[in-house]
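Thanks for coming. I have one structure to go through today, and I will keep to what can be read from the model.

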Amino acid sequence: MSLPWKIKLMVSAYSRIRKACFRHDFTINRRLLRLFDPKTPPTPPSSVDVTVDPSRDLWFRQYTPSHSTAAATATGDTLPVVVYFHGGGFATNSANTVFMDSFARRVANHVRSIVISVNYRLAPEHRCPAQYDDGFDVVKFLDSVDPTRLPPGTDLGRCFIMGDSAGGNLGHHVVARAGACKFERVRLRGLIAVQPFFGGEERTESEIRIGNGAPGLSVDRADWFWKAFLPKGSNRNHPASNVFGPNSARFSGSKFPNTLVVIGGSDPLQDWQRKYCKGLESAGVGVRLVEYPNAFHGSYVFEDLPESSLMLDEIRDFMSQQLKVT
């Protein structure tokens with residue numbers, strides 16, 4: 001795989017930092033990690049932070065695409081909503097991490113949507129299902145919040161759930177929960193899962209072939225994340241990680257929206273992502289699978305890589321197609 005030297009350097013440095021911060025007992029040296037996790041404040045009016053529950057530091061950063069607020073006020077146009085869950089193995093990053101903030105802002109501007117980037121609790125301090133609880137509670141908050149607290153033109157009836165890596169896993173579980181809930185204003189139109197983080201005890205062909213040899217995410221690091229995230233005593237066949245595995249409940253796709261899944265050809269988790277697509281399709285869910293052969297796990301955050309912009313085009317087109325369905 002040929003990558004620009006700057007991206008190679010950044011990926012290599014980030015991998016070394018994580019290795020230094022992640023302990024063998026599946027805890028994290030947060031003090032050290034914070035030194036290498038730069039944060040950025042909101043930039044009103046294009047982005048603002050909204051508190052959901054201060055007792056658990058649950059909040060989201062709300063992004064409005066450029067020039068849209070004034071246009072919506074003047075013309076009465078509305079904008080769809082994307083509830084976005086960042087990646088990081090359930091254990092790292094936040095809504096105000098610099099590159100997560102940049103990516104969410106790009107999504108808002110590229111697909112012309114209100115983006116709600118959720119700051120959920122992290123493992124191992126908060127294990128599964130804390131992240132799923134946080135994600136679902138933000139959707140419920142949006143359903144009940146005073147509309148004047150949202151940007152003019154916000155249309156919760158055209159709402160999408162989106163997540164990358166661990167956020168893609170989180171998005172699946174939030175959407176699955178939402179199927180059993182009656183919302184007043186939120187209507188979920190689709191799930192966008194970018195290189196979603198799934199796994200199991202079985203070693204797949206892509207995990208064996210790529211192993212620890214690709215940038216972004218290694219099999220060993222993925223195993224570490226599962227150990228830090230899953231309930232103690234669980235293995236990777238837990239329903240949180242292996243959603244269509246031997247320990248998972250029967251999945252009904254009757255209330256599950258159409259789903260876009262993005263896969264990278266250099267991602268060791270790609271076979272689990274394909275299994276996920278097949279599981280959804282077997283349950284009657286419409287799935288659009290997009291694969292970028294040269295993409296590694298997490299490559300979408302690098303704006304200089306062509307696959308990043310191509311993926312945003314795919315997301316925009318997918319959303320447009322779903323919004324044509326009444």
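I will start with the whole chain, then take one helix, then the backbone, and end with three single residues.

What we have here is a predicted model, not an experimental one. The protein chain contains 10 helices and eight strands. For 326 residues, a compact globule would have a radius of gyration near 20 Å, and the chain comes out at 19 Å, so the two agree. The C-alpha trace spans about 55 × 45 × 40 Å along its principal axes.

Now burial and surface. Of the 326 residues, 57% are buried. The chain exposes about 14,300 Å², and 53% of that area comes from carbon and sulfur atoms. As for charge, there are 39 positive and 32 negative charges, and their mean positions lie 2 Å apart.

On contacts, take the pairs at least 6 apart in sequence. Of those contacts, 79% join residues at least 24 apart.

There is one annotation to mention. An unreviewed UniProt entry places the feature "domain: Alpha/beta hydrolase fold-3" at residues 82–299. In the model, that stretch is 33% helix and 18% strand. The C-alpha atoms at its two ends are 20 Å apart.

Next, helix 8, which covers residues 219–229. Why call helix 8 largely enclosed by the rest of the structure? Nine of its 11 residues are buried, and that is the reason. The buried set includes two tryptophans, Trp 224 and Trp 226, and two phenylalanines, Phe 225 and Phe 229. Charged side chains are in the set as well: Arg 221 and Asp 223 are both buried. Val 219, Ala 222 and Ala 228 complete the list. What covers these residues? Part of the cover comes from helix 1 (5–21), helix 5 (130–144), helix 6 (166–178) and helix 7 (205–210).

Now the backbone, beginning with cis peptides. One cis bond joins Pro 44 and Pro 45, with omega about 5°. Pro 45 sits in the loop between helix 2 and strand 1. Another cis bond joins Ala 123 and Pro 124, with omega about 0°. Pro 124 is in the loop that runs between strand 4 (114–119) and helix 5.

Two residues have positive phi without being glycine. For Phe 90, phi is about 70°. Phe 90 belongs to the loop between strand 3 (79–85) and helix 4 (98–111). Is Phe 90 buried or exposed? Its relative accessibility is 0%, so Phe 90 counts as buried. For Gln 195, phi is about 45°. Gln 195 is in the loop between strand 6 (188–194) and helix 7. With a relative accessible area of 2%, Gln 195 is buried too.

That leaves the three single residues. Lys 39 is in the loop between helix 2 (30–35) and strand 1 (47–53), the loop that also holds Pro 45. At 42% relative accessibility, Lys 39 counts as partly exposed. What does Lys 39 contact, leaving aside its neighbours within four places in sequence? The answer is Ser 94, Asn 96, Thr 97 and Val 98. Take Val 98 from that list: Lys 39 and Val 98 are 59 residues apart in sequence, yet their C-alpha atoms are 5.2 Å apart.

Leu 32 is in helix 2. Its relative accessible area is 26%, so Leu 32 is partly exposed. Not counting residues up to four places away, Leu 32 touches Ala 20 and Cys 21. Leu 32 and Tyr 300 are 268 residues apart in sequence, and 26 Å separates their C-alpha atoms.

Finally, Glu 201. Where is Glu 201 found? It lies in the loop between strand 6 and helix 7, the loop in which we placed Gln 195. Whereas Gln 195 is buried, Glu 201 is partly exposed, with a relative accessible area of 35%. Beyond residues up to four places away in sequence, Glu 201 touches Asn 235, Arg 236 and Asn 237. From Glu 201 to Ser 66 there are 135 residues along the chain, and the C-alpha atoms of the two are separated by 45 Å.

That is everything I had on this model, and I am happy to take questions.

Note on methods. Residues are numbered from 1 along each chain as its sequence is written. This is a predicted model: local features need pLDDT of at least 70, side-chain atom pairs count only at pLDDT 80 or more; totals for chains, interfaces and linings use all residues. Side-chain values use heavy atoms; hydrogens and water are left out. Helices (H or I, at least four residues) and strands (E, at least two) are DSSP runs, numbered from the N terminus. The radius of gyration is taken over C-alpha atoms; the globule rule is 2.2 Å times the number of residues to the power 0.38. Buried means under 20% relative accessible area, exposed over 50%, partly exposed in between (1.4 Å probe, protein chains only). Contact means heavy atoms within 4.5 Å. Accessible areas come from the Shrake-Rupley method with a 1.4 Å probe; for residues, only the protein chains shown count as cover. Lys and Arg count as positive and Asp and Glu as negative; His and the chain ends are not counted. The place of a charge is taken as NZ of Lys, CZ of Arg, CG of Asp or CD of Glu. UniProt positions are given in the numbering used here, feature names are shortened, and annotations may be inferred rather than shown by experiment.
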